[in-house]
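Colleague: I'm new to this one and would like a close look at a single part. Could you pick out a loop with something odd in its backbone, walk me through it, and then show me how it sits in the rest of the chain?

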Amino acid sequence: MNLQLKPHAMVENRHAGSFRLDILQGLKSIPKRLSSKYFYDKEGDRIFQEIMAMPEYYLTQCELDIFKNKTADLANLIIPENEPFDLIELGAGDAMKSTFLLRYLVEKKTDFTYMPIDISGNILSILNEKLTRELPDLKTVTLEGEYFEMLQKAASLSDRKKVILFLGSNIGNMNIEEAENFLYDLNQNLASGDKLLIGFDLKKNPHTILNAYNDKNGITAAFNLNLLSRINRELGADFDPQQFQHYQTYDPVSGACRSFLVSLQDQTIRIGEDRISFEENELIDMEVSQKFSTEKIEELREKSDFKRVGEIKDSKNWFVDTVWEVKKEIRSPTYLSDYTDSAILIKSFNLLNQREQKHKNQSNSVTKTQAHDSKHSNIRFSKTIRRYPETFRRNMCPSGNRGLCCTAHCRCKSSEMAPRPHHLVF
Ligand code: AVI
């Protein structure tokens with residue numbers, strides 16, 4: 001059975017409450033927007049299958065070309081030297097492409113465990129059944145849930161090196177800032193020596209890109225419009241999808257391929273108790289599918305603190321799977337002298353907590369003010385603290401291994417904890 005690959009953001013779909021809140025917030029904002037992470041209900045999954053089979057939608061075939069025909073090269077880039085490892089796929093879906101890599105690794109008798117992460121338990125059990133049938137010697141542990149939660153679970157299951165797969169240019173469905181934050185957080189959740197294999201759709205002839213998202217048969221249009229039907233089904237709304245039209249753009253300078261829905265008339269939509277008014281020709285911003293230049297990929301890598309290992313392109317040079325590695329300095333456990341950055345951030349974190357009570361809406365600027373004198377990376381680091389206090393706690397590990405340390409799943413093997421100021425309660 002051919003299942004869809006789910007984009008990263010899909011992880012939140014299980015929260016029905018946040019679905020309603022997100023939809024209303026998006027439709028009440030100016031300009032109106034809806035998040036493409038909500039495209040993937042059952043019908044959306046089915047339409048995405050159709051998209052992947054469209055001749056115009058080159059992305060799937062390009063990445064398949066890499067996984068099918070350059071498997072050995074891929075394997076050489078990701079396999080840690082003479083060490084068993086865990087191969088973790090984010091949003092594994094049917095693992096259509098990665099199965100070529102899995103088969104190759106099994107045939108080479110590589111010591112690894114495959115850990116597909118997906119929010120859909122149903123998809124994972126179908127995948128598990130398929131892999132048991134096709135690759136009986138493969139060791140598989142399926143992880144159902146959100147990416148970062150499941151990465152921590154994977155770390156608790158073994159202290160082996162991790163190789164993360166994030167395929168399909170799913171990263172392109174985040175705007176650039178979200179992508180930077182996601183990759184940085186990913187880096188922070190990994191340990192030195194762990195690797196990331198990530199797929200990027202490259203900039204190319206703009207007509208080729210636009211055609212992939214503006215197909216004559218209206219499949220991509222149906223994919224977008226299905227979200228309105230989903231809102232009707234799940235939130236009791238009364239959208240008439242026929243009163244909206246899909247409009248696709250591609251800006252070859254920025255590389256942003258964007259989809260919109262255009263209201264065809266003045267209309268008011270009921271969503272439960274709420275009313276949303278549209279003027280004729282008003283837009284809903286639906287999805288970005290970012291296309292990347294080599295320079296932009298390098299910038300993302302640098303900003304997220306990964307080291308470059310290598311890359312493989314498809315035969316048309318339209319798509320690249322690139323391999324990055326986490327490299328962290330190992331510091332000696334001389335504690336606070338090594339933690340100048342952390343000391344600044346502890347203050348920042350405490351102050352943030354206090355002020356957040358009073359000025360919830362200004363929390364971001366408080367973080368920035370406190371980290372003002374520190375480096376740019378600290379600003380992002382302090383944002384991470386606010387979102388992931390657990391990650392911050394791990395950052396206090398005396399080994400300086402800012403990955404999976406000093407927790408129950410400590411991989412640094414250090415018995416000592418950095419002294420934590422007693423006023424910092426985790
Ligand atoms: C899942 N994601 C990478 C697809 C893309 O190309 O942005 C989703 C998609 N949207 C329209 N067509 C395909």
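Modeller: Let's go to N281, which sits in the loop between β11 (274-278) and β12 (283-290). Bear in mind that this is a predicted model. What's odd here is the backbone: phi of N281 is near 75 degrees, a positive value in a residue other than glycine. Most residues other than glycine have a negative phi, and most peptide bonds are trans. Is N281 buried or exposed? It counts as exposed, because N281 has 11 C-beta neighbours inside 10 Å, and the cut-off for exposed is 12 or fewer.

Now set that beside S169, another residue that has a positive phi without being a glycine, this time about 55 degrees. You'll find S169 in the loop between β6 (161-166) and α8 (176-188). Its surroundings are another story: S169 has 24 other C-beta atoms within 10 Å, so it is buried; the cut-off for that is 20 or more.

While you're at that loop, look at what follows it. Helix α8 has 13 residues, which at 1.5 Å a residue should span 18 Å, and its end C-alpha atoms are indeed 18 Å apart, so the two agree. Several residues of α8 are buried, among them A179, L183 and Y184. The run D185, L186, N187 and Q188 in α8 is buried as well.

From there, hop over to strand β7 (residues 195-201), where I198 has its place. I198 is buried, because 26 other C-beta atoms lie within 10 Å of it. What does I198 touch, leaving out residues up to four places away in sequence? The answer is F166, I171 and T322. N170 is worth a glance too: I198 and N170 are 28 residues apart along the chain, and their C-alpha atoms are separated by 9.0 Å.

There's a similar sort of pairing at S120, in the loop between β3 (112-118) and α6 (121-134). S120 counts as buried, since it has 21 C-beta neighbours inside 10 Å. Measure along the sequence and S120 and G145 are 25 residues apart; in space, C-alpha to C-alpha, they are 7.5 Å apart.

One more backbone oddity, of another kind: a cis peptide bond joins I30 and P31, with omega about -10 degrees. P31 lies in the loop between α1 (16-28) and β1 (32-33).

For a look at how helices meet, try α4 (residues 71-78) and α5 (residues 98-107), whose axes come within 10 Å and cross at roughly 75 degrees. The two helices, α4 and α5, are therefore roughly perpendicular to each other. On the α4 side the contact is made by T71, A72, L74 and A75, and on the α5 side by F100, L101, Y104 and L105. Sorted by class, that contact has seven nonpolar residues, one polar and no charged ones.

Finally, step back to the whole chain. It has 15 helices and 14 strands, and buried residues make up 39% of its 426 residues. Of the contacts between residues at least 6 apart in sequence, 72% join residues at least 24 apart.

Definitions and conventions: Residues numbered from 1 in each chain as written. Predicted model: local features only at pLDDT ≥ 70, side-chain atom pairs only at ≥ 80, totals over all residues. Axes fitted to C-alpha atoms, helices over the stretch in contact; angles between N-to-C directions. Helix = DSSP H or I, 4+ residues; strand = E, 2+ residues; numbered from the N terminus. Parallel < 35°, antiparallel > 145°, perpendicular 65-115°, else oblique. Contact = placed C-beta atoms within 7 Å. Nonpolar A, V, L, I, M, F, W, Y, C, P; charged D, E, K, R; others polar. Expected span 1.5 Å × (residues − 1).
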